[in-house]
Amino acid sequence: MAIAETPGHHSRIVQLSKSPTGIDGFDQVAGGGLPAGRPTLVCGGAGCGKTLFAISFLVHGATRFDEPGVFMSFDESGDELAQNVASLGFDLPGLVEKKKLVLDHVKIERREIEETGDYDLEGLFVRLGYAIDSIGARRVVLDTIESLFAGLANQSILRAELRRLFRWLKDRGVTAMITGERGEGTLTRQGLEEYVSDAVIVLDHRVTEQISTRRLRIVKYRGSAHGTNEYPFLIDEDGLSVLPVTSIGLTHDASSERISTGVARLDMMLGGRGYFRGSTILVSGTAGAGKSSLAAHFLDAACRRGERCLAFVFEESPQQVVRNMRSIGIDLQRWVERGLLEFHAARPSLHGLEMHLSRMHRAIDRFQPSVVVLDPVSSLLRVAQQTDVQATLTPASRTAGPSTSRPTWRSRRSWTPGSC
Ligand SMILES: Nc1ncnc2c1ncn2[C@@H]1O[C@H](COP(=O)(O)OP(=O)(O)OP(=O)(O)O)[C@@H](O)[C@H]1O
Ligand SMILES: [Mg+2]
């Protein structure tokens, strides 16, 4: 059931069928989603986002893909979980009521296990099987495996039970996600879970120089190609999203249309017609050389044509930019008032690079501008490694299709990719 056949011209390519998570960017990195009908392990340290990742997978399954799900928690109660994810806009009680979701909190009593001396998963299978059947679930989450096996000291029994659990889930044909904590030097505590899982995803939350970054990596994915880099991901009020910055191909269209730079003489120098639409222009120069002014001319010209523009500024407030540009005769305020120009001002150190990038993506997706200005990109270097900044600035939007409205990046300081 998990195998879909895609007949080709000469050969038959058999592709693993995928179960989309609906998590922004993740499905792209994972070639469509998680392996359908198989178990996936999501591991990482405390607070790295395992539970949110898992619940997003279930909520999207229930709301977008018509796949009801069971969340079996050994940590948080159903109420706690519902409260924790309400800030992401997930209405768990509503889904439970509509029979799209079952939240089952299983308390593992350590004492009971120790007293009786035996432990097996039979009871859990019955309970889980019942929950699955009650709503015809296609997705299952077990959060976390450590809590499930807490108190089980006998390593060989534990290993045998782990294997049995994964086997059982596979036999049921549900797409399962099991969360696990990171061990010392191993991906997981027992060092076995990763071998019995068909796919393993590692989440990581690190803080370097006081700036936090979340990363996601697909460690393995049986039977499928996948992005192998570490991808930044983000948790905010819109939920979890992965930024597959490095997986973007160089396949975007190249427009031969030209647009004015806003400076007549510069247009002349550029073949008489200005920049290529959809291209990326780096404006580099020392302090006070006129980089922001050149950007303002460009914005003004675009707004005069009635095109929407977004300006991300990292060192000045929108009011400062408007005031300074007025001194060279450019009135940007009128474009702001007409809704053609939007400023987004944020100090570079406000958040990590992935947060900046994600906010830019969201702003661009929402506003659909034809011109984008970043001033200055070099200030992002203060919050991230150069390689990361380069990947971030790779001039393709995540929603890259055959669209022509590609952002135009501008820089204020001398910064050139590869030579900063
Ligand atoms: N609305 C929100 N906005 C921004 N960040 C949030 C939001 N909700 C949760 N977070 C972040 O997600 C983290 C919790 O994620 P989650 O509970 O999924 O982690 P976990 O890996 O399951 O942790 P644990 O090890 O405790 O089980 C919080 O510590 C917080 O940083
Ligand atoms: Mg958790």
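Asp104 is a good place to start: with a relative accessibility of 14%, this residue counts as buried. Keep in mind that the model is a predicted one.

The partner of Asp104 is Arg127, and their closest N and O atoms sit 2.8 Å apart in a salt bridge. Asp104 belongs to strand S7 (residues 101–105) and Arg127 to helix H6 (residues 122–135), so this pair ties together parts that are 23 residues apart in sequence. Arg127 itself counts as partly exposed, at 37% relative accessibility.

Two further pairs sit within helices. In helix H8 (residues 155–172), Asp171 and Arg167 are four residues apart, a separation of about one helical turn. Helix H11 (residues 291–304) holds both Asp300 and Arg304, again four residues apart and about one turn of the helix.

Here are the three pairs with their closest N and O atoms:

| Salt bridge | Closest N and O atoms |
|---|---|
| Asp104 and Arg127 | 2.8 Å |
| Asp171 and Arg167 | 3.3 Å |
| Asp300 and Arg304 | 3.0 Å |

How do the helix pairs sit with respect to solvent? Asp171 is exposed, with a relative accessible area of 58%, while Arg167 counts as partly exposed at 46% relative accessibility. In the other pair, Asp300 is buried, its relative accessible area being 8%, whereas Arg304 is exposed at 56%.

Stepping back to the whole model, the structure holds 17 salt bridges. Some residues join up in a network: Arg38, Lys170, Asp198 and Arg222 are linked by salt bridges in this way.

Technical notes: Residues numbered from 1 in each chain as written. Chains lettered and ligands numbered in written order. Predicted model: local features only at pLDDT ≥ 70, side-chain atom pairs only at ≥ 80, totals over all residues. Heavy atoms only, no water. Salt bridge = Lys/Arg side-chain N within 4 Å of Asp/Glu carboxyl O. Helix = DSSP H or I, 4+ residues; strand = E, 2+ residues; numbered from the N terminus. Buried < 20%, exposed > 50% of the residue type's maximum accessible area, 1.4 Å probe, protein only.
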